[in-house]
Amino acid sequence: MIGMDPMRPEGDDRRTPPDRRRAGVIGWPISHSLSPRIHGFWLSRHGLDGSYEILGIEPERFHLVFPTLPGQGFAGVNVTIPFKEWVLDYATRVTPAVRKTGAANTLVFADDGTIEADNTDVAGFLMNVKSSAPDWSARAGPAVVIGAGGAARAIVWALLGEGAPAVTVVNRTRSRAEDLCRHFGERVRSADWQGLDGALDGTATIVNTTSLGMTGQPPLEVAFTPDRRRALVVDIVYNPLKTAFLAAAESNGNPTVSGLGMLLHQAVPGFSAWFGVRPEVDDGLWEAVVEGLQ
Ligand code: ATR
């Protein structure tokens with residue numbers, strides 16, 4: 001376990017001073033995370049006395065360790081695999097985004113002992129797209145979401161909320177896409193992986209939520225043609241910053257949005273709640289985080 005001592009006895013001198021707020025990310029395994037860089041940048045920008053720590057918790061110890069976090073000075077945590085659903089057992093309040101996606105990535109521990117759970121990928125996706133492509137409107141036409149994991153759920157929900165008339169979910173494992181569609185109702189339908197190309201005609205928004213294109217993975221290959229030039233093309237992969245999928249869309253003349261901004265924007269609500277300052281996603285943050293990409 002890295003950076004925490006859940007068994008620290010009451011009265012121990014090394015206890016966190018009461019004004020010093022702690023936050024972090026819980027998960028297992030957590031080998032590399034850009035979140036400490038994001039929150040560390042904002043803490044120093046705003047001159048705040050706080051910390052953002054990587055908290056690797058072995059799954060067998062989760063139920064022992066998790067309830068001790070508020071007592072150790074944590075104002076809240078981000079949550080990653082495999083705990084995004086597990087933490088819901090402890091949530092006193094959940095946002096509509098959590099209800100609809102079934103997963104939380106941000107928890108706020110209130111002083112009265114309550115725990116609020118949010119899925120900030122929904123807002124993070126929309127903030128990223130709107131700030132990078134201000135002319136985009138989900139209402140302009142159907143959307144295609146490639147992939148059917150947790151990120152896809154958040155993005156389908158975000159697109160529906162923005163008024164996308166229809167969303168087609170295309171996934172390698174069709175049954176996962178079908179599960180997702182059942183969950184969201186009639187505006188969402190699934191298509192086979194082989195049906196990806198056909199699904200792209202006439203779309204206003206195309207989003208990759210799979211890990212294809214990530215460093216070390218094969219690229220996501222899509223035929224961008226002049227008649228598809230209108231579609232906004234979004235990748236949630238951020239390493240590399242410009243995937244082959246985005247580069248192909250860009251050469252075709254499509255507007256494109258890269259994935260790093262979603263990671264940055266999804267961090268804003270947590271930081272605001274934990275440290276009491278709403279931070280900016282600006283060029284300084286962008287540069288600090290890009291430096292951390294391996
Ligand atoms: P997350 O919660 O981050 O979205 P996930 O649940 O592991 O992650 O989902 C990863 C997505 O990438 C899935 O849609 C997965 O497809 P399957 O459901 O068929 O596993 C997709 N994916 C990963 N590797 C892929 C590959 N080589 N080809 C096509 N899709 C792939």
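**Aromatic pairs and the ligand shell**

Across the whole of this predicted model, a search finds 13 aromatic pairs. One of them joins Phe62 and Phe83, whose rings are stacked, with 4.5 Å from centre to centre and 20° between the planes. Phe62 belongs to helix α2 (residues 62–65), whereas Phe83 sits in the loop between β3 (74–79) and β4 (93–94), so the pair ties together parts that are 21 residues apart in sequence. Phe62 is buried, its relative accessible area being 0%, and Phe83 is likewise counted as buried at 0% relative accessibility.

Another aromatic pair is formed by Phe66 and Tyr90, which is tilted, with the ring centres 4.8 Å apart and an angle of 45° between the planes. This pair, too, links distant parts of the chain, since Phe66 lies in the loop between α2 and β3 and Tyr90 in the loop between β3 and β4, 24 residues apart. Phe66 counts as buried because its relative accessibility is 1%, which is under the 20% cut-off, while Tyr90, at 25%, counts as partly exposed. Phe62, Phe66, Phe83, Trp86, Tyr90 and Phe109 together form one aromatic cluster.

Turning to the ligand, 13 residues surround it, of which Ala148, Asn171, Arg172, Thr173 and Arg176 come nearest. By class, this shell comprises four nonpolar, seven polar and two charged residues. Polar backbone atoms approach ligand oxygen atoms at 2.9 Å in the case of Ala148 and at 3.0 Å in the case of Gly150, and a polar side-chain atom of Arg176 lies 2.9 Å from an oxygen atom of the ligand. Of the 640 Å² of accessible area that the ligand has on its own, the protein covers 70%.

Definitions and conventions: Residues numbered from 1 in each chain as written. Predicted model: local features only at pLDDT ≥ 70, side-chain atom pairs only at ≥ 80, totals over all residues. Heavy atoms only, no water. Near = heavy atom within 4 Å. Polar contact = N/O pair within 3.5 Å; in protein donor to acceptor, adjacent residues only side chain to side chain. Areas by Shrake-Rupley, 256 points an atom, 1.4 Å probe, with all protein chains shown as cover. Nonpolar A, V, L, I, M, F, W, Y, C, P; charged D, E, K, R; others polar. Phe/Tyr/Trp six-rings, centres within 6.5 Å; stacked < 30°, edge-to-face > 60°. Helix = DSSP H or I, 4+ residues; strand = E, 2+ residues; numbered from the N terminus. Buried < 20%, exposed > 50% of the residue type's maximum accessible area, 1.4 Å probe, protein only.
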